[in-house]
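Biologist: I should like to learn how to read this structure. Please give the general idea of each feature before turning to the case.

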Amino acid sequence: MDHGSRTHRKYAASAMARNMRCTASPGACASAPRLERASAQEGTRAHEVLEHCLRTGYDARQGFAQVHGAVEEANAEAVQVALDHVREIVGQYGAGDVVVWLEAAFDVVPDVCGGTSDIIIYVKSLRRLYVIDYKNGWEIVEVADDGWLNEQALTYGLGAVKALSPTYPIDEVVLTIIQPHPWHVDGPVRSYKASVSEVLAFETRVMRMIHEAETRPSYRPGKSTCRWCAAKPFCPAVEQAVAASFGVTKLTDITAEVLGPASPQDVGRLAALLALEPLVKDFFRSITEVATEIHKHGQPIPGKKLVQSQTRREYYGDEKDIAEGVTAIAPNIRAEELFEQKLKPITTVEKMIAQRVRALSPNRKEQSALVADANRAFAYLLDKKGSGKLVLADWDDNRPEVKVADMFGDVKLPVIEGPKA
Ligand code: SF4
């Protein structure tokens, strides 16, 4: 299947979490320009390899070579995690006991709401449906968290249960996110076993959301809600949230008089501005992206022009020739002095170890155990140091708080004087 050209429903599974929170988003996104990010293209390539390998039986490195003509090491390693998981499930049951659907589109509302699920596996003897979603990105995606269930996975599950259950009786649905790139305390494969009634109950929420979006759409901006919204650069609610924090209704109304004098001791004002930082940064980044595209496509943005991005100097030609050139310029420099030998980055070495220990056994289960052992052993060769710098973080950040008073003991911190009245 051509993953880049999947058809998108107005209420797509992939946008379900956002649409559930901001019912103005589906309508606003429908008319927003689509920007194809490099990370999204990388994800598409990984999904194509995953599907190819599941259909053909090849491993991920071979899959990348066959589908894209080159192996992307880190992505091959990540796709292999998904392949191993799926093959392990299928291998547990007899061939006659499982049915597998790859890249199958399931609708909650025909042609309006639904999506294309990466992998669906039905196990007849257990009346169990596995709904597996592969994530190639780095931003952590949870499958379940404190009573909340991943809405994208639920949409696939709901669509699949509705379409399949007349023929395939289902008692439980295992929702699984496979996300190998970022580290997660529960590992790269995270699952939640839902009852079929739990999945079917989600339909009421979906229908309520669609009704609101179609009849009285409501903007509800939020840090994670707006993160990937295509409508963000043009969103009146985000602009209004930014402007309101300055006490105005339009960003262009902000003046020094409106803001009034600031004091270093006005920590409330600093906290209010800091709370806005992610939204504002994201807002302006999306505006820059969209404005650049519009300008590139022939509609100039007033006061702006396209220029080459900052140039970086780099060596030109073969490294050995360059070293000879340098020693010719300064004969008292030895060629060896120009090269440094250092360890490759940790993530690269980690991938190398996984790849090489995997090659030690033809058995997939044994390979996974070998990789887990190797990761544990590698951890002893690593040190985890803070940068020594203190940074402000939100209260829900899971790093422990550093008490400044504990650090400075009896040393008195200077008091900042505010402006005299
Ligand atoms: S940017 Fe945020 S508030 Fe605006 S439409 Fe998108 S999700 Fe809704």
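Modeller: Let us begin with contact: two residues are in contact if their C-beta atoms, placed from the backbone, lie within 7 Å. This is a predicted model, in which local features need pLDDT of at least 70 and side-chain atom pairs count only at pLDDT 80 or more, while totals for chains, interfaces and linings use all residues. Residues are numbered from 1 along each chain as its sequence is written.

Biologist: Which residues does Cys 226 touch, not counting residues up to four places away in sequence?

Modeller: With those set aside, Cys 226 touches Pro 221, Lys 232, Val 238, Leu 279 and Asp 282. Cys 226 is found in helix α8; helices (H or I, at least four residues) and strands (E, at least two) are DSSP runs, numbered from the N terminus.

Biologist: Is Cys 226 buried or exposed?

Modeller: A residue is buried if 20 or more other C-beta atoms lie within 10 Å of its own, exposed if 12 or fewer, and partly exposed in between, with C-beta atoms placed from the backbone. Cys 226 counts as buried because 25 other C-beta atoms lie within 10 Å. Of the 421 residues of the protein, 25% count as buried.

Biologist: Which residues surround the ligand most closely?

Modeller: A residue is near a molecule if its C-beta atom, placed from the backbone, lies within 6 Å of it. Here 15 residues surround the ligand, and the closest are Cys 22, Pro 221, Cys 226, Cys 229 and Cys 235. Two or more residues of this shell come from each of α2 (25–30), α8 (223–226) and α9 (236–244).

Biologist: How do the residues of the shell divide by class?

Modeller: Ala, Val, Leu, Ile, Met, Phe, Trp, Tyr, Cys and Pro count as nonpolar, Asp, Glu, Lys and Arg as charged, and the others, Gly among them, as polar. The shell around the ligand has 11 nonpolar, 2 polar and 2 charged residues.

Biologist: From which domains does the shell draw at least three residues each?

Modeller: Domain bounds come from an automatic or database domain assignment. The protein is divided into domain 1 (3–215), domain 2 (223–296) and domain 3 (318–394). The shell around the ligand draws at least three residues from each of domain 1 and domain 2. The centres of these two domains, taken over C-alpha atoms, are separated by 33 Å. Their contact takes 10 residues from domain 1 and 9 residues from domain 2. On the side of domain 1 that touches domain 2, α1 (16–21) and α2 each supply at least two residues.

Biologist: Which members of the largest nonpolar core touch the most other members?

Modeller: A nonpolar core is a set of buried Ala, Val, Leu, Ile, Met, Phe, Trp, Tyr and Cys residues joined through C-beta atoms within 7 Å. Among the 53 residues of the largest one, Leu 50, Val 79, Leu 129, Val 131, Val 173 and Leu 175 touch the most other members. Helix α5 (residues 73–92) gives the most to this core, with 7 residues. Another core, of 8 residues, lies apart from it and includes Cys 29, Cys 226, Ala 231 and Leu 279.

Biologist: In which sense, parallel or antiparallel, do β4 and strand β7 pair?

Modeller: Two strands pair if DSSP finds at least two bridges between them. β4 and strand β7 (residues 172–178) pair in the parallel sense over 7 bridges, and Val 131 has Leu 175 in β7 as its bridge partner. Strand β3 (residues 113–123) and β4 pair in the antiparallel sense over 5 bridges, with Ile 120 opposite Val 131 in β4. Of the 7 residues of strand β4 (residues 128–134), 6 are buried.
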